[in-house]
Amino acid sequence: LYKKWALTQRWCRTPLKRRADLPDWMKDAPALLTFCKPWVENPKAIHDFFADYWTARHPGVPVVAGLVGWEKHGEWVSLDYFPMHPSDAVTRATMADLKTFNAHPWPWPSGHWWTLTRGRRPDGTFRLDFRNDFVRQDGPAMSCVRRDGVTLNTDTPDWLAGGERACLCPGSASARDFWTKNVCLELVKRGAEMIQVDQDTGAHVPECWSTRHGHKPGEGLWKTTDMRLQFEEAIAAARRIEPGFVLSFEEPNEHFLDMLFLQDYRNCRFAFMNQYDWEWADVFGYLYHEYVALFQTDVSNGNSFWWTHAAVEGHMPYARFHDRELKFENAFPGKTRAFLSRWVDLYHGEGRDWLAHGRHVRPPQVNCRTVRYVHDFRGEGTARTDMPAVFCAAYESLDGRRALVFGNATSERQDVAYRLGDGWHRLTLGPNALQLKRY
C-alpha cells in the first residue's frame with residue numbers, strides 16, 4: 001500500500017537508471033570507496049591503488065571516491081574548512097588524479113552545522129574557538145534559535161570534546177546562500193563532483209523559533225520544504241561549474257530522492273545501537289531501491305554478515321580505507337578482498353539489472369541454518385542475536401525479469417531450501433559466496 005502511494009509522488013517519477021540529470025557513470029553500477037585521513041595525506045597511496053590494483057582487477061568500473069579528513073581543523077570541524085587539509089594544492093591534485101581513473105571525488109562537509117568551540121580545557125577555555133568568527137560572519141542571525149527567539153539552538157556532539165556547535169537554519173535565505181557559496185561551491189571549485197550533506201537529515205537540523213527567517217516558528221513541514229529549496233539552489237549553482245554535480249546526505253528521507261544519486265543508509269548499525277537486538281530490515285531499500293543507490297557507511301571491513309546483507313539487498317559495494325593502512329593488501333587481506341571483488345563483479349556485471357537498477361519484490365520463504373551474531377560497533381553496546389547463515393532477496397528488473405540473490409555470510413558451506421510457486425528448491429553455497437539465480 002505504501003509503495004502504491006509513493007509511486008504517485010514526485011520522488012518516484014523516474015527510476016535512477018532513466019534519469020536525464022545524472023551523468024552516465026552514475027548509472028553504470030559504480031562501487032564506493034572511502035579514503036580516510038592518512039590516505040588523503042598520502043595521495044600517492046591512492047594513485048597506486050587505482051593504477052596497480054583497481055584498473056587491472058575491475059576495468060571499467062566507476063568509483064565514488066569518498067574523502068575523509070580533508071577539513072582544515074580536523075574531521076567534522078566546520079564551517080571554517082579552507083584551505084583544505086593537507087593543502088589546497090595537494091587536495092586539488094588528488095581530485096584531478098582520481099578523475100583519470102573514472103573515480104569521482106566526494107567530500108563530506110558537516111551539513112549546516114557550524115563549530116563554535118572544540119576541545120574544552122580544565123580552565124574552561126577551548127583548544128579551538130570560532131565564536132568571534134561566527135559573530136563576524138553574521139552567524140547568529142542565520143542560525144536556529146530556541147523559543148525565546150535569541151538563544152542559539154546548539155548541541156555538543158562527542159567529537160567536539162566538550163565543545164559546542166550551532167546550526168544554520170535552512171529557512172533563512174541568507175543561511176542557504178551562505179552555505180551554497182561558502183561550502184558547496186568552494187568544494188566544487190576544488191574538484192568535487194559530489195557532496196555528502198552530512199549530519200542534517202538523519203542527525204536532525206534542530207527546531208528554530210526565529211520570527212525573522214521567513215518560516216513558521218518551531219517545528220514544521222517548512223524544514224523539509226526549505227531544505228529541499230537549499231538542495232535545489234546548491235545543485236543549480238554547482239552545475240554551472242560541474243554539470244554532473246549531485247548531492248547525497250545522511251540517512252533516509254524520501255522527499256529528496258529525485259535530486260539525489262546515493263544515500264547513506266544505516267539500518268544495520270542502528271538495529272543494534274543501545275544493545276537492541278532488532279532484526280535487520282531493509283525497509284527503505286525495499287520501497288525505493290530503483291530510485292536511489294544506497295550504501296552502508298558504517299560497515300566494518302571484513303564483517304561478513306554486514307557486508308553480505310548489504311550485497312544481497314542491492315547496496316553499493318562499499319569499503320573504507322582506514323587509518324594507517326596505506327597498502328591495499330593490508331587494508332583488505334585475503335577473504336575480505338576476495339568478497340569485495342565478488343561483490344563488485346556481481347553488482348556491476350551479471351547482477352546489475354537487479355542489484356543496481358531493479359526493484360525489490362517479495363522474497364521467497366527460505367530455510368537455512370541460523371548462527372549467533374555478535375555486534376559491537378564504536379562502543380555503542382554489544383548485542384547478540386541469531387542471524388540466518390544465508391541472506392536472500394528477490395528483484396524484478398525494469399523490463400520485468402526476475403532474479404533471486406543469495407549470500408552466504410559464513411566461512412562454511414551452507415545448504416539452503418527456498419520456496420517458489422512451483423515448490424521447494426535447493427541450493428548449496430560455498431563459503432562467503434554470492435549467487436544470482438533467475439526465476
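These legends describe close-up views of a predicted model.

**View 1. Packing of helices α11 and α13.**
Helix α11 covers residues 304-312 and helix α13 covers residues 334-348. Their axes lie 11 Å apart and make an angle of about 5 degrees. Angles under 35 degrees count as roughly parallel, and α11 and α13 are therefore roughly parallel to each other. On the α11 side, the residues in the contact are Trp-307, Thr-308, Ala-310 and Ala-311. They meet Thr-336, Phe-339, Leu-340 and Trp-343 of α13. By class, this contact has 6 nonpolar and 2 polar residues, and no charged ones.

**View 2. A salt bridge between strands β14 and β15.**
The structure holds 25 salt bridges, and one of them joins Asp-386 to Arg-372. The closest N and O atoms of this pair are 3.2 Å apart. Asp-386 belongs to strand β15 (residues 382-388) and Arg-372 to strand β14 (residues 370-376), so the salt bridge ties together parts that are 14 residues apart in sequence. Arg-372 has a relative accessible area of 52%. Exposed means over 50%, so Arg-372 is exposed.

**View 3. The salt bridge of Glu-396 and Arg-402.**
In this pair, the closest N and O atoms are 3.1 Å apart. Glu-396 has a relative accessibility of 16%. Buried means under 20%, so Glu-396 counts as buried. Arg-402, at 31% relative accessibility, counts as partly exposed.

**View 4. A network of salt bridges around Asp-399 and Arg-401.**
The side chains of Asp-399 and Arg-401 form a salt bridge, with an N to O distance of 3.0 Å. Asp-399 counts as exposed at 54% relative accessibility, whereas Arg-401 counts as partly exposed at 26%. Both residues belong to a network of salt bridges that also links Lys-17 and Asp-353.

**View 5. The surroundings of Thr-180 in helix α7.**
Helix α7 runs over residues 173-189 and contains Thr-180. With a relative accessible area of 7%, Thr-180 is buried. Not counting residues up to four places away in sequence, Thr-180 touches Leu-185, Gln-230, Glu-233, Ala-234 and Ala-237.

**View 6. Phe-261 and the nonpolar cores.**
The largest nonpolar core has 114 residues. Those with the most contacts inside this core are Phe-50, Trp-54, Phe-261 and Leu-262. Helix α7 supplies the largest share of the core, 8 residues. Leaving aside neighbours within four places in sequence, the contacts of Phe-261 include Leu-16, Leu-22, Trp-25, Met-26 and Pro-30. Also among them are Val-64, Met-194, Val-246 and Leu-247. Val-292, Ala-293 and Met-316 are in contact with Phe-261 as well. A second, separate core has 12 residues, including Val-361, Leu-404, Leu-427 and Leu-429.

**View 7. Val-205 in the loop between β7 and α8.**
The loop that holds Val-205 lies between β7 (194-197) and α8 (222-239). Val-205 is buried, with a relative accessible area of 6%. Residues up to four places away in sequence are not counted among its contacts, which are Cys-144, Cys-167, Pro-170, Asp-200, Lys-223 and Met-227. Gly-69 is 136 residues from Val-205 along the chain, and the C-alpha atoms of the two are separated by 23 Å.

Definitions and conventions. Residues numbered from 1 in each chain as written. Predicted model: local features only at pLDDT ≥ 70, side-chain atom pairs only at ≥ 80, totals over all residues. Heavy atoms only, no water. Axes fitted to C-alpha atoms, helices over the stretch in contact; angles between N-to-C directions. Helix = DSSP H or I, 4+ residues; strand = E, 2+ residues; numbered from the N terminus. Parallel < 35°, antiparallel > 145°, perpendicular 65-115°, else oblique. Contact = heavy atoms within 4.5 Å. Nonpolar A, V, L, I, M, F, W, Y, C, P; charged D, E, K, R; others polar. Salt bridge = Lys/Arg side-chain N within 4 Å of Asp/Glu carboxyl O. Buried < 20%, exposed > 50% of the residue type's maximum accessible area, 1.4 Å probe, protein only. Core = buried A, V, L, I, M, F, W, Y, C linked by side-chain atoms within 4.5 Å.
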